[in-house]
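Hi,

Here is the structure I said I would pass on. Have a look at it first, and then read my notes underneath.

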Amino acid sequence: EMQAPNIITVSASTAYHESIDALRWARGLLASGQAQPADIAIAAVTPADYDDYFLALRHDANFDLHFVHGVHITACREGQAAAALADVLLRGLSQIRMRRLSTLLRAYPGPFQELPDGWTRLLPTDAPLTSREAWTRLLDRLTATSWIDDIDHGPALREIVNLLWQGTAAAATVGERLLRGRVLAIWRSALRAGPATSLDLTLAALRQDDGLDACVSLAWMPASALAASPRRFVRLLGLNSSRWPRAISEDRLLSDHIIPTTELDPLPVSAADRRDFETVL
C-alpha cells in the first residue's frame, strides 16, 4: 500500500468548495475509524490561497486542524487591535477609525479602558472628525455633564487624540502608552520586523502558532512540509496547471538572455513542486 497508494481525483468549482470538500473527506476518515487525526494531512504549494477558508471552517468542523505554517496574527483579537492602531497612525485619525480602535482596545487595560462605557456616543454622527481642528472643537465643548458618569474624562481623551495625531513617527511611543499585554508584544514584534511606515503590511505578514499539537491533530500545511514529514492519508489542493506546479518567473533584473534562470536558481519552484508531489505520493 505504501508503494502503490490508492489515488482519487476530485474536482471543485472554487478554492472555497475545495476546502469544504477536504474537511468533509477528513471527517469521513475520522468517523469511519479508518484514520486517527495524526494520520491525515491536507496540503497545497500556496497555503495562503486557502488559509482564510480553513480558518473560518475549522470552527464548524468540530475537530482540531493544526496550521503547520502558523496562523496570521490578525486572525486574533489582539492582532486586530494592533492593526486598528496601525490604521490610525498610517492614515490619520477619523471617527470611524477611533470607534474601531476603542472597541478593540477596551478589552485590555490602558487609557481606552479608563473611559466610561458608551463614551463614543459623544461623537457627532454627522461629522467625520478627520482634522485636528474638528477634534479640538469637540474636546473644548466637553464638560463633566457631557459624560455618562458625570466625571470629566476630557483630559484623558485629549491625551489619546494627541498621541494618535503623532503618526508613525512616534509609533513606538504611542504603542507603549496605549497598548498592554499581548497587543503590545505584537506591536513590538511588528516594529522589529519592519519600518513603522509599513506597519499594516508587517502585521499582515506576521504569524503565530495556533497552540495545537501536530502529533495528535489533523494538519494543514505547505506541500514542502508534508514532503519532509509524510502522513498516510493526504489531500492535495490546487492541482491544476496554474497552481501546482507553479510557473517559473523570469528574474526582472537579470533576464534569461543575460543569465539563465537555471544558474540563478538551481531548484526552481516548478521543479520543487514536482519533487514534493512525487515525494508525497
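A compact globule of 281 residues would come out with a radius of gyration near 19 Å, but this chain has 25 Å. Keep in mind that we are dealing with a predicted model. If you follow the C-alpha trace along its principal axes, the spans are about 80 × 55 × 30 Å.

As for what the chain is built from, there are 13 helices and six strands. Buried residues make up 42% of the 281. The accessible surface adds up to about 15500 Å², and carbon and sulfur atoms account for 52% of that. I also looked at contacts between residues at least 6 apart in sequence: 68% of these join residues that are at least 24 apart.

One helix pair is worth a visit. Two packed helices are described by the angle between their axes and the distance between the axes. For α8 (residues 171-178) and α9 (residues 181-193), the angle is about 170° and the axes are 10 Å apart. Angles over 145 degrees count as roughly antiparallel, so that is the label for α8 and α9. On the α8 side, the contact is made by Ala171, Ala172, Gly175 and Glu176, while α9 brings in Leu184, Trp187, Arg188 and Leu191. Sorted by type, the residues of this contact are five nonpolar, one polar and two charged.

Now for some backbone details. Where is the cis peptide bond that leads into Pro245? It runs from Trp244 to Pro245, with omega near 5°. Pro245 itself sits in the loop that links β6 (233-236) and α12 (261-264).

Then there are two residues with positive phi that are not glycines. Asn62 has phi near 65°, and you will find Asn62 in the loop between α2 (48-61) and β2 (65-67). Is Asn62 buried or exposed? Its relative accessibility is 71%, and exposed means over 50%, so Asn62 counts as exposed.

Asp150 is the other one, with a positive phi of about 60°. Look for Asp150 in the loop between α6 (132-141) and α7 (154-164). Its relative accessibility is 54%, so Asp150 counts as exposed too.

If you only have a few minutes, start with the α8 and α9 contact, then go to the cis bond at Pro245, and finish with Asn62 and Asp150.

Cheers

Methods:
Residues are numbered from 1 along each chain as its sequence is written. This is a predicted model: local features need pLDDT of at least 70, side-chain atom pairs count only at pLDDT 80 or more; totals for chains, interfaces and linings use all residues. Side-chain values use heavy atoms; hydrogens and water are left out. Axes are lines fitted to C-alpha atoms, for helices over the stretch in contact, and angles run from 0 to 180 degrees between N-to-C directions. Helices (H or I, at least four residues) and strands (E, at least two) are DSSP runs, numbered from the N terminus. Angles under 35 degrees count as roughly parallel, over 145 as roughly antiparallel, 65 to 115 as roughly perpendicular and the rest as oblique. Contact means heavy atoms within 4.5 Å. Ala, Val, Leu, Ile, Met, Phe, Trp, Tyr, Cys and Pro count as nonpolar, Asp, Glu, Lys and Arg as charged, and the others, Gly among them, as polar. The radius of gyration is taken over C-alpha atoms; the globule rule is 2.2 Å times the number of residues to the power 0.38. Buried means under 20% relative accessible area, exposed over 50%, partly exposed in between (1.4 Å probe, protein chains only). Accessible areas come from the Shrake-Rupley method with a 1.4 Å probe; for residues, only the protein chains shown count as cover.
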